[in-house]
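Student: Could you take me through one part of this model in detail, setting it in the context of the chain it belongs to? I would like a connected account rather than a list.

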Amino acid sequence: MSRRGARLHIDWTACEGRGLCSEMLTEILAIDDWGYPLARDGRPEPAVPRELVAHARRAERLCPRLALRVLPEPPPTRPQGGSQLPPS
Amino acid sequence: MNEALWYTGRGAGLVTLVLLTVVVALGVASRAGRPLPGLPRFATPVLHRNASLLAVVLLGVHVGSLLFDPYAQLRLVDLMLPFAGAYRPLWLGLGTLAFDLVVALVITSLLRSRLGATAWRRIHWAAYAAWPLAVLHGLGTGTDAGTAWLRAVTAVCVLTVAMAGAYRLLLPDPATGPLGPPAPPGNRDPRLTPLTISGPPR
Amino acid sequence: MTMLDHRESRDRRTSTDDYRPLPPGAGRLLLAAHPDLATHHRHLGLLPPLAQPARLLAEIDAAGLRGRGGAGFPTARKLAAVAAGRSPVVIANGAEGEPASAKDRTLWAHAPHLILDGLQLAGALVGARRAIGYVPAGPSTASLRRALADREAAGADPIPVEIVEAPDRFLAGEESAVVSRIEGKPALPRDTLRRVVVAGVDGHPTLVQNVETLAHLALLARFGGAWFRGVGTSGDPGTFLATVSGAVAAPGVYEVAYGIPLGDLLERAGGWVGRPQACLVGGYGGAWVPADAADVPVSTAGLRPFGAAPGAGVVVALPAGACGLRAAADITRYLAGQGARQCGPCRNGLPQMAGTLTRLADRERSPALVAELERLTRLVEGRGACHHPDGTVRLVRSTLRTFPAEIDRHLAGTCGQEPMPAAGGAR
Ligand code: HEM
Ligand code: SF4
């Protein structure tokens with residue numbers, strides 16, 4: 001599974017924008033105007049490259065709202081609209 | 001040898017109380033939804049979790065050394081079942097209760113993602129029972145109960161948690177603060193339904 | 001063989017696409033709408049018993065029936081997904097939170113037995129234990145109650161149907177909000193990780209189907225897939241109920257075939273009142289089609305270049321005298337207020353978008369407003385548990401695309417236009 005990477009699901013009904021994830025996963029997430037995680041690749045469920053999967057799982061465990069889920073399949077290759085942010 | 005057990009038990013108990021205080025203060029403060037001054041955001045939950053794991057270890061040392069202490073004559077069941085022992089049942093019972101709660105808090109927290117957020121959160125509120133029980137237990141039982149330094153340490157602990165509470169209450173919660181216009185009561189409010197249409201034909 | 005059939009011709013094809021119109025005076029749902037059960041059965045016959053579920057499922061699939069609630073998801077795929085689970089629940093979703101839509105209420109009032117036939121059929125197809133009519137309070141509920149009483153007397157409902165009242169909110173009909181409401185919780189959307197078709201009401205696989213879809217299903221099961229595809233386009237077969245409102249002479253609900261040129265649909269509703277400017281297609285979270293594109297087919301493929309889709313069949317006509325920015329700002333404010341206030345980007349971003357668009361409509365002379373709107377749409381898109389933010393983004397983007405001259409006039413402070421006049425009869 002982690003050979004192909006994964007994707008990060010954010011439960012928006014649970015997230016309170018505490019910002020931990022954006023801090024821990026700066027490669028994947030930026031932070032928006034209001035403190036909520038913003039996918040740098042513009043996908044609803046951003047891609048988690050293979051080498052960051054373990055780190056993303058740490059963020060998943062630490063999110064105080066349990067709002068993150070690392071899902072086993074990488075997102076579809078076709079970007080689904082949205083915009084790309086430059087990596088930090 | 002017995003003396004050593006006794007001292008170890010008392011020392012570990014005191015450190016446990018301090019650690020639990022840190023744990024509770026971090027838990028309370030983190031609910032303010034902001035990073036603690038000078039710390040990255042992820043530091044709060046990491047410290048909270050690690051301090052609580054450390055507290056459990058010291059709690060083990062605390063009760064373990066007293067279990068083997070011939071003076072208190074604790075039985076294994078006294079460690080689990082509150083108010084059952086012969087030795088100062090009330091004050092000891094409070095400690096037993098706190099021990100059970102802390103163990104339950106840590107176990108459920110380690111299984112948090114499996115429990116689901118709502119169930120875990122309900123259980124986690126037991127922390128507000130566990131910590132005061134531990135404080136009372138420390139004040140009421142043991143050799144050092146009446147000493148000024150123990151009272152001083154206890155006072156600092158209470159003050160720490162109170163400060164964490166103030167930090168949380170005085171900051172507006174970013175997730176529930178005032179935002180945008182309030183939702184109208186129904187969706188057919190004529191002022192908010194800009195494009196009036198007619199009903200079905202016939 | 002039936003009155004539904006002989007009115008339809010299959011030979012009229014246009015050269016540019018494969019649109020087969022509904023002949024004048026013909027209709028399916030609206031012609032087969034009989035509020036009382038005896039008439040319903042006399043005209044349409046009993047619902048054929050479900051002998052071979054797999055065969056009917058294949059027929060529905062081949063017919064190309066798609067959801068009429070807005071998202072347009074293939075019905076056969078949803079049925080198959082729910083049927084795969086254990087003791088499923090089926091729901092006739094007629095909440096119709098969209099203010100510019102009246103078709104579901106029309107069906108509740110005039111064709112409850114089509115809806116309920118479809119619900120029973122869907123229930124039998126997936127092996128459901130529970131069936132629920134999710135319906136707004138008032139006349140729709142009353143009509144459903146009457147229909148259910150008649151059917152009980154006639155023994156027409158193998159799966160007993162419960163009634164659950166839908167609140168009068170924009171999002172009340174969102175699939176997962178429907179599930180929450182039926183579980184006794186507020187009608188708010190949930191996280192998408194637990195999919196409704198897998199784990200909906202009380203964890204059971206759940207089919208939430210728009211009432212118009214179910215009504216089509218009731219006819220499809222009787223007359224077959226080939227009949228169903230006899231009108232419409234190959235991509236969007238069949239008819240749909242369009243709610244046409246705004247600056248037209250006879251606003252109302254009309255049944256037409258997919259692929260109908262937008263101008264023809266407006267003609268069905270009595271034609272424009274005043275000079276045409278643009279149409280909002282698909283609902284409040286839809287997109288504008290300028291009036292000079294009157295021959296654009298109302299179909300998924302036809303509307304795609306405008307960023308629009310037939311959705312739930314909503315068309316609102318904006319006359320030349322009305323200000324498109326003002327109309328869009330009013331709708332966006334409304335949508336912002338109707339958010340479930342659960343997801344951060346939607347709670348924060350929608351009011352901010354609405355405020356910025358309102359400032360533009362109010363002729364604040366700051367070109368930065370347009371760039372700010374574009375930035376906000378990117379910040380909100382795809383970042384919620386439901387598609388409410390995405391619909392709002394679609395409207396705002398379409399507004400910026402469709403009314404560039406209007407925007408220039410506003411930024412120059414010279415737009416003297418009035419807001420959208422209320423047209424047609426009262427509701
Ligand atoms: C492995 C062990 C533990 C973990 C992973 C853990 C995790 C958490 C988390 C994620 C929060 C939510 C913070 C927020 O919403 O910002 C929290 C809150 C809290 N925790 Fe823990 N915790 C653990 C053990 C304990 C223990 C042993 C105690 C006390 C005896 C404790 C006391 C608290 C308190 C008082 C709160 C604030 C609760 C509230 O007001 O909602 N925790 N903890
Ligand atoms: S860590 Fe969790 S609650 Fe915090 S911003 Fe990220 S997803 Fe939201």
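Tutor: This is a predicted model, and the part to look at closely is chain C, beginning with its surface: chain C exposes about 15700 Å², and carbon and sulfur atoms supply 53% of that area. Of the 427 residues of chain C, 61% count as buried. As for overall dimensions, the C-alpha atoms of chain C fill a box of roughly 65 × 50 × 35 Å along the principal axes. The radius of gyration of chain C is 22 Å, which agrees with the value near 22 Å that a compact globule of 427 residues would have.

The secondary structure of chain C consists of 17 helices and nine strands. Among the contacts in chain C with a separation of 6 or more, residues 24 or more positions apart account for 71%. The charges can be summarised by their mean positions, since chain C carries 46 positive and 40 negative charges, and the two means lie 3 Å apart.

Chain C is divided into domain 1, covering 37–228, domain 2, covering 231–317, and domain 3, covering 324–425. The centres of domain 2 of chain C and domain 3 of chain C, taken over C-alpha atoms, are separated by 22 Å. To the contact between them, domain 2 of chain C gives 15 residues and domain 3 of chain C gives 18 residues.

At the level of a single residue, C:Pro319 is a useful place to pause: C:Pro319 is in strand S9 of chain C, which runs over residues 314–319. C:Pro319 counts as buried because its relative accessibility is 9%, and the cut-off for that label is under 20%. A further detail concerns C:Ala247, which is 72 residues from C:Pro319 along the chain, while the C-alpha atoms of C:Pro319 and C:Ala247 are separated by 5.9 Å.

Chain B may be set beside this account. Chain B has eight helices and zero strands, and its pattern along the sequence reads α-α-α-α-α-α-α-α. Buried residues make up 39% of the 202 residues in chain B. The accessible surface of chain B comes to about 10900 Å², with 73% of it belonging to carbon and sulfur atoms. Finally, among contacts in chain B between residues at least 6 apart in sequence, 64% join residues at least 24 apart.

Definitions and conventions: Residues are numbered from 1 along each chain as its sequence is written. Chains are lettered from A and ligands numbered from 1 in the order in which they are written. This is a predicted model: local features need pLDDT of at least 70, side-chain atom pairs count only at pLDDT 80 or more; totals for chains, interfaces and linings use all residues. Side-chain values use heavy atoms; hydrogens and water are left out. Helices (H or I, at least four residues) and strands (E, at least two) are DSSP runs, numbered from the N terminus. The radius of gyration is taken over C-alpha atoms; the globule rule is 2.2 Å times the number of residues to the power 0.38. Buried means under 20% relative accessible area, exposed over 50%, partly exposed in between (1.4 Å probe, protein chains only). Contact means heavy atoms within 4.5 Å. Accessible areas come from the Shrake-Rupley method with a 1.4 Å probe; for residues, only the protein chains shown count as cover. Lys and Arg count as positive and Asp and Glu as negative; His and the chain ends are not counted. The place of a charge is taken as NZ of Lys, CZ of Arg, CG of Asp or CD of Glu. Domain bounds come from an automatic or database domain assignment.
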